[in-house]
Amino acid sequence: MLSTMLSFDVKVVDGEGISVPKIEVGARYRYPTASNTWSRETTDINGYARFSDGHEEPPTEVCLFVGDEDCGTYALSEGAHITLEM
């Protein structure tokens, strides 16, 4: 049963700070006791990928990926805004 809803945004920009549209962002959620889960979203025209997923328990952190590139691990809270520079 999915008991926790969590929404957050990821903005993807290039080295010059310009938004990157239509790129897939992967999120691997880590939990205190449950197994990891995955979610994927594609950035919109403004470079934002909006995640809104249900979880068995609140995730403690999220690892973000663009393609095969690991973009780091982040603490996660409702409504978080994370920017990734590619």
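**Aromatic pairs, a hairpin and a buried aspartate**

Let's start with Phe65. Phe65 is buried, because its relative accessible area is 14%, and the cut-off for buried is under 20%. One caution before I go on: this is a predicted model.

Now, what does Phe65 pair with? Its partner is Trp38. The ring centres are 5.3 Å apart. The planes meet at 40°, so we call this pair tilted. Where do the two residues sit? Trp38 is in strand 3, residues 37–42, and Phe65 is in strand 5. The pair therefore ties together parts that are 27 residues apart in sequence. Is Trp38 buried or exposed? Trp38 is partly exposed, because its relative accessible area is 47%, and partly exposed covers the range between 20% and 50%.

Stay with strand 5 for a moment. Strand 5 covers residues 61–66, and strand 6 covers residues 69–75. These two strands run antiparallel, joined by 5 bridges. Glu61 stands opposite Ala75 in strand 6. The hairpin has 2 residues between its strands. Look at Gly67 there: it takes a positive phi near 60°.

Back to the rings. How many aromatic pairs are there? The count comes to 3. Take Phe8 and Tyr29 next. Their ring centres lie 6.3 Å apart, with the planes at 85°, so this pair is edge-to-face. Phe8 belongs to strand 1, residues 4–13. Tyr29 belongs to strand 2, residues 24–30. That puts them 21 residues apart, so the pair links distant parts of the chain. Both Phe8 and Tyr29 are buried. Phe51 joins them: ring pairs link Phe8, Tyr29 and Phe51 into a cluster.

Tyr29 also leads us to my last residue, Asp53. Tyr29 is among the residues that Asp53 touches. Leaving out residues up to four places away in sequence, the others are Thr4, Met5, Leu6 and Ser39. Asp53 lies in strand 4, residues 48–55.

Here is the point to look at. Asp53 is buried, yet has no salt bridge. Which side chain of opposite charge is nearest? That is Arg40, 11 Å away. So what polar partner does the Asp53 side chain have? There is a polar contact with the side chain of Ser39, at 3.1 Å.

One general remark for anyone browsing the strands. In a regular strand, side chains alternate between the two faces of the sheet.

To recap. Trp38 and Phe65 form a tilted pair. Phe8, Tyr29 and Phe51 form a cluster. Asp53 is buried without a salt bridge. Thank you.

Terms used: Residues numbered from 1 in each chain as written. Predicted model: local features only at pLDDT ≥ 70, side-chain atom pairs only at ≥ 80, totals over all residues. Heavy atoms only, no water. Pairing = 2+ DSSP bridges. Helix = DSSP H or I, 4+ residues; strand = E, 2+ residues; numbered from the N terminus. Phe/Tyr/Trp six-rings, centres within 6.5 Å; stacked < 30°, edge-to-face > 60°. Buried < 20%, exposed > 50% of the residue type's maximum accessible area, 1.4 Å probe, protein only. Lys, Arg positive; Asp, Glu negative; His and termini not counted. Salt bridge = Lys/Arg side-chain N within 4 Å of Asp/Glu carboxyl O. Polar contact = N/O pair within 3.5 Å; in protein donor to acceptor, adjacent residues only side chain to side chain. Contact = heavy atoms within 4.5 Å.
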